[in-house]
Amino acid sequence: MIRVYQLDPAKAEAIFPKTPFMYGMGDSFTGTDVLNLFNDHYVHVADLDCDTLDEAFEIGNIGPEERYTRYHRMHSVSVGDVLRYEDSDDLLVVAPSGFVNLGLPL
């Protein structure tokens, strides 16, 4: 199982008012930003029944819905979202190409 964490849309808009739905795309948004924002601004939105990050990305974008356990409203898995294996504390952020392991949250 892989847990999905996303910025709350209202908080994303406040933090990134010009591009709230593209917050992970800009050069100014870094892994350090994710770590700094994680505890206070990211929300555990779903668990995905899968084993790999690539599977999580696919399920988080095209389903199938029966492989989700949703806890909050969410958007498709996108750049800037955080994934975390059920048995790990490491934060893995979706990058423009692939995933970046940021290690443990602060």
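This text goes through the salt bridges, the largest pocket and the surroundings of one glycine in a predicted model.

The salt bridges come first. Side chains of opposite charge can pair when their charged atoms come close. A search over the whole structure turns up 2 salt bridges. One of them joins the side chains of R67 and E55, with a distance of 3.6 Å from N to O. R67 sits in the loop between helix 3 (53-62) and strand 3 (68-70), while E55 belongs to helix 3, so this pair ties together parts that are 12 residues apart in sequence. On the surface scale R67 has a relative accessibility of 26% and counts as partly exposed. Its partner E55 is also partly exposed, at 28%.

R70 and E65 form a salt bridge through their side chains, and here the N to O distance is 2.8 Å. R70 has a relative accessibility of 39%, which places this residue in the partly exposed class. For E65 the relative accessible area is 45%, and this residue is likewise partly exposed. The class runs up to 50%, above which a residue would be called exposed, so E65 at 45% stays within it.

Next is the largest pocket. Its volume is about 160 Å³. The lining consists of 10 residues, and those nearest the centre of the pocket are Q6, P9, R73, M74 and H75. Two strands take part in this lining: strand 1 (2-7) and strand 2 (42-48) each contribute at least two residues. Sorted by class, the lining of the largest pocket holds 6 nonpolar residues, 2 polar residues and 2 charged residues.

The last stop is G103. This residue is in strand 6, which covers residues 99-103. Is G103 buried or exposed? Its relative accessibility is 19%. The cut-off for buried is under 20%, so G103 counts as buried. What does G103 touch, apart from neighbours within four places in sequence? With those neighbours left aside, G103 is in contact with D89, D90 and L91. A further distance can be given for S88: the C-alpha atoms of G103 and S88 are 9.7 Å apart in space, and the two residues are separated by 15 residues in sequence.

Notes
Residues are numbered from 1 along each chain as its sequence is written. This is a predicted model: local features need pLDDT of at least 70, side-chain atom pairs count only at pLDDT 80 or more; totals for chains, interfaces and linings use all residues. Side-chain values use heavy atoms; hydrogens and water are left out. A salt bridge is a side-chain nitrogen of Lys or Arg within 4 Å of a carboxyl oxygen of Asp or Glu. Helices (H or I, at least four residues) and strands (E, at least two) are DSSP runs, numbered from the N terminus. Buried means under 20% relative accessible area, exposed over 50%, partly exposed in between (1.4 Å probe, protein chains only). On a 1 Å grid over the protein atoms alone, a cavity is a set of points where a 1.4 Å probe fits but cannot get out, and a pocket is an open set with protein on both sides within 12 Å along at least five of seven lines; lining residues have an atom within 4 Å of a point. Grid points are joined across faces, edges and corners, and a volume is the space filled by probe spheres set on the points. Ala, Val, Leu, Ile, Met, Phe, Trp, Tyr, Cys and Pro count as nonpolar, Asp, Glu, Lys and Arg as charged, and the others, Gly among them, as polar. Contact means heavy atoms within 4.5 Å.
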